[in-house]
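Colleague: I'm new to this one and would love a close look at a single part of it. Could you set the scene first and then walk me through that part?

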Amino acid sequence: MARGSVTFGVELRRRRESAGVSLRALARVVSFSASHLSKVERGQKNASVALAQRCDHELSANGALRDLVPTDGPGKSRARGGPAGRGAPWSPDPPVGGMPGFPAADPLALGQPEPPPGELTWRITSGPLESGEVALILGNYRRIYDECRSLGQALGPIAVRHMLTSSIDALRGIAGSAHPPDRAAALRLAARFAEYAGWMAQEAGDEYGALGWNGRAAALADAADDTDFVAYTLIRRAEMALYREDAHAVLALARRADAQARGVRVRGLAAQREAQGHALMGDDAACLNALGRATDLMAEERAGETAGAVTAAAGDPVPGSAHLAGPADFVSGWCMHDLGRPADAVDVLAGGLEAIPAEAGRARARYGARLMLALAESGELAEACAMTEAVTSSVVLLDSATIRADLRRLNHALNRWPRHSDARQASRHIAAALHTGAHTGGHTGEYPGGHAPPPLN
């Protein structure tokens with residue numbers, strides 16, 4: 001934990017004393033015990049990245065303290081989501097429609113022998129479907145898509161898996177039997193199904209499956225010339241990198257998405273993801289700048305909608321969360337937390353939970369877990385613990401790897417206060433939920449095209 005001859009503990013003590021801050025005063029504001037900080041300063045304990053972030057912010061070290069704490073890989077690669085013991089070769093520049101172990105395939109040929117590039121080999125009729133027939137079928141599948149999204153808010157990923165995969169297969173068949181404009185519409189909707197299948201795989205803790213479905217969604221959107229949605233799949237890959245805490249990959253993917261996107265919505269989402277990458281890096285100024293750009297772009301989108309501008313193909317679901325009432329607040333709060341400013345995160349997130357519809361159980365639980373973590377790390381233990389039962393009761397039903405990851409971090413934070421009765425009780429609730437989730441969760445074992453992933457080294 002050193003750069004040259006300077007250790008984190010030595011530099012922390014030097015900066016603390018130069019600022020005229022006592023050990024107890026610093027312990028109070030960073031929500032760690034004075035005895036723990038004393039041991040860190042004396043080199044008897046290693047500092048976590050979370051502690052380094054907090055101390056760096058409170059002592060205005062501009063990243064100097066944070067940089068003295070090593071991470072597990074490029075950027076910050078401590079896994080926040082995904083199954084224990086699993087990982088995936090990570091590249092910010094995968095081929096469209098493919099990834100290591102998943103050959104790029106024609107978007108109409110899932111589950112079929114690989115056809116020559118561009119050849120349509122799978123049709124559901126011997127002749128082309130008429131536009132009226134396609135419109136009726138796609139309207140039904142759009143309703144199925146909405147139903148899958150609703151079910152995904154209330155049930156675990158496995159519950160919606162078959163509906164998603166069978167719909168993707170059917171939409172490919174429709175595309176293979178349709179005239180070009182209708183073909184593109186079917187592929188665009190299939191891309192949305194594939195992207196959501198990727199999110200459900202991620203929530204099930206199956207990162208490899210999530211990456212595979214993400215590549216398939218990109219291939220479908222690319223075949224439909226849906227440039228914005230191809231860019232959005234890069235934003236989703238950046239979110240997976242975010243849960244690995246790989247800041248370099250987050251930034252690379254977000255910037256590629258911004259460069260590729262045509263519409264302001266996707267560019268706004270890319271700017272939000274870029275802000276989260278900067279937050280992982282501990283770069284306050286760059287993070288706030290990106291959040292400001294995201295706000296401006298989203299305002300531009302709203303102004304265009306008010307003026308009646310067309311921002312997406314008619315009937316296509318828009319990219320991004322459909323259930324968070326204030327997704328910008330969720331992202332901003334996440335950024336504040338990762339910048340080592342949990343009190344600011346609480347200020348941003350407070351009140352947002354009640355704005356999320358009651359039926360959006362997954363969104364409410366994710367938001368609640370993030371708010372609880374910010375509350376606990378800002379020292380507001382009673383408020384954090386009061387939310388425990390509501391969030392943990394959802395974990396088993398929803399089978400969410402991302403929520404479990406935040407609960408593990410919350411449990412670690414609560415364990416710093418062993419004498420706090422509410423913290424002890426909350427920790428028991430969390431441990432029970434995580435234990436149950438470990439037996440009910442796990443990856444689906446289903447990969448796009450039937451390809452097994454390569455061995456993990």
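To start, what does the accessible surface of the protein chain come to, and what percentage of it belongs to carbon and sulfur atoms? After that, please zoom in on S400: which residues does it touch, not counting those up to four places away in sequence?

Modeller: Happy to. This is a predicted model, so local features need a pLDDT of at least 70 and side-chain atom pairs count only at 80 or more, while totals for chains, interfaces and linings use all residues. Residues are numbered from 1 along each chain as its sequence is written, and side-chain values use heavy atoms, with hydrogens and water left out.

Your surface question first: the accessible surface of the protein chain is about 19000 Å², and carbon and sulfur atoms account for 53% of that (areas by the Shrake-Rupley method with a 1.4 Å probe; for residues, only the protein chains shown count as cover). The chain has 457 residues, and 53% of them are buried (under 20% relative accessible area; exposed is over 50%, partly exposed in between, with a 1.4 Å probe and protein chains only). It has 19 helices and two strands (DSSP runs numbered from the N terminus: H or I of at least four residues for helices, E of at least two for strands).

How far to trust it? The average pLDDT is 79, and 78% of the residues score at least 70 (pLDDT is the predictor's confidence in each residue, from 0 to 100). Confidence is highest in helix α10, residues 247–260, with a mean of 95, and lowest in strand β1, residues 2–3, with a mean of 50. Take residues 73–123 with a pinch of salt, as pLDDT stays under 50 there, although the model gives that stretch 148 contacts beyond four places in sequence (a contact means heavy atoms within 4.5 Å). Residues 438–457 also have a pLDDT below 50, with 46 contacts beyond near neighbours in sequence.

Now to S400. You'll find S400 in the loop between α17 (388–398) and α18 (401–414). Its relative accessible area is 0%, so S400 counts as buried. Leaving out residues up to four places away in sequence, S400 touches E203, R362 and V395. With E203 there's a side-chain to side-chain polar contact of 2.7 Å (a pair of N or O atoms within 3.5 Å; within protein, one must be able to donate a hydrogen and the other to accept it, and residues adjacent in sequence count only if both atoms are side-chain atoms). The side chain of S400 also reaches the backbone nitrogen of I403, at 3.1 Å. And although S400 and M200 are 200 residues apart along the chain, their C-alpha atoms are separated by 8.7 Å.

E203 has another partner, T402, which lies in helix α18. The side chains of T402 and E203 are joined by a polar contact of 2.5 Å. With just 2% relative accessibility, T402 counts as buried. Apart from residues up to four places away in sequence, T402 touches W199, Q202, E203, Y243 and R366.

Next, the helix on the other side of these contacts: α7, residues 180–203. It has 24 residues and reaches 35 Å from first C-alpha to last, close to the 34 Å expected at 1.5 Å a residue (the expected span is 1.5 Å times one less than the number of residues). Of those 24 residues, 22 are buried, so α7 is largely enclosed by the rest of the structure. Just after α7, G205 takes a positive phi of about 85°.

I403, the residue whose backbone nitrogen S400 reaches, also takes us to the largest nonpolar core (buried Ala, Val, Leu, Ile, Met, Phe, Trp, Tyr and Cys residues joined through side-chain atoms within 4.5 Å). This core has 50 residues, and I403 is among those touching the most other members, along with C287, L291, C335, L407, L410 and L414. Helix α15, residues 361–377, gives the largest share of this core, ten residues. Another core of 45 residues lies apart from it, with V160, A194, L269 and M298 among its members.
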